[in-house]
Amino acid sequence: MRHLFDIVDLSVEEIDELISVAEDIIENPDKYANACNRKKLATLFFEPSTRTRLSFEAAMLELGGSILGFSSADSSSAAKGESVTDTVRTVGCYADIIAMRHPKEGAPVAAARRTTVPIINAGDGGHNHPTQTLADLLTIHREKGRTDNLTVGFCGDLKFGRTVHSLVNALSRYSGIKFVFVSPDELKIPDYIKEGVLKQGNIPYTEENRLEGVIDKLDILYMTRVQRERFFNEADYIRLRDCYILDNKKLEKANSDLIVMHPLPRVNEIAVEVDDDPRACYFKQVLNGKYIRMALILKLLGVKV
Ligand code: CP
């Protein structure tokens, strides 16, 4: 039985295979319409979500399976003090596979200790979000035609942004990748990523404060939200929340084949006017998220089509 806690649980070959299956699903949806007949997916979301939970559910429904679950801790027995491990063990009696989101880093790993079904980490605190990374990689592959030899800029909250940590980890395993990290000093990429991933892999990177100075060097610009829910201090959040706002004026300097990505939800960091720019890819990421989760469900359930 395989779980997915972290993007590095998958080899590069397995990621490439998931991308290839997702692209086949996009081309031939009917082939997969009954692949998960009589299988059930449970979505256990102890934290809010729109895209991840609904795309998992849409993915299972489009594979011919069924869904169950809850969308907040308050509507489950977690509100009565039940442990995550007991909740997941219980749900494993009803479902064949579980996607869970939890505010505590490492919660899916703890939950998986006593389960008999595959667990997918759908976001654990500020740590990891591997299925967003798969959606991002599918988007990069479809938009750029490759996942190597790219200069990738990350902008905004690089400290708490779990999607950033997962994607840096994943892209670092492809050749010819350079990173440009744009953030205020308080929200810099964590040292454990710099030491454990970038320096160890000899991956070139720079750290900047201003987006305007580097936007013309990028193949990909990955914007992120400053996450109010991760701050201890509201004053710090208010001071930092609007530090980078991407608008049409800033994009004037960028390459014509740049792609602008964002895991969403956005607040102010991308002006709505940018949505009409052909370089804006964040709603393509949303759709790609459903297809790659279909491919992942098939893999973890061992369903061959
Ligand atoms: N990208 C993402 O995780 O969005 P949700 O929080 O809406 O699931």
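Nine residues need naming around the ligand: Ser49, Thr50, Arg51, Thr52, Arg101, His129, Gln132, Pro263 and Leu264. Each has a heavy atom within 4 Å of the ligand. This is a predicted model, where local features need pLDDT of at least 70, side-chain atom pairs count only at pLDDT 80 or more, and totals for chains, interfaces and linings use all residues. Residues are numbered from 1 along each chain as its sequence is written, and side-chain values use heavy atoms, without hydrogens and water.

Polar backbone atoms approach the ligand as follows.

| Ligand atom | Backbone partner | Distance |
|---|---|---|
| oxygen | Thr50 | 2.8 Å |
| nitrogen | Pro263 | 2.8 Å |
| nitrogen | Leu264 | 3.0 Å |

On its own, the ligand has 260 Å² of accessible area (Shrake-Rupley method, 1.4 Å probe). The protein covers 92% of that area. The ligand sits in the largest pocket. A pocket is an open set of points on a 1 Å grid over the protein atoms alone, where a 1.4 Å probe fits, with protein on both sides within 12 Å along at least five of seven lines. To sit there, more than half of a molecule's atoms must lie within 2 Å of the grid points.

Now Glu14. Helix 1 (a DSSP run of H or I, at least four residues) spans residues 12-27 and includes Glu14. Glu14 counts as buried because its relative accessibility is 16%, under the 20% cut-off. Beyond residues up to four places away in sequence, Glu14 touches Arg2, Asp9 and Lys299 (heavy atoms within 4.5 Å). With Lys299, the Glu14 side chain also makes a side-chain polar contact at 3.1 Å. Such a contact pairs N or O atoms within 3.5 Å, one able to donate a hydrogen and the other to accept it.

Terms used:
Helix = DSSP H or I, 4+ residues; strand = E, 2+ residues; numbered from the N terminus. Buried < 20%, exposed > 50% of the residue type's maximum accessible area, 1.4 Å probe, protein only. 1 Å grid on protein atoms, 1.4 Å probe; cavity = no way out; pocket = protein on both sides within 12 Å on 5 of 7 lines; lining within 4 Å.
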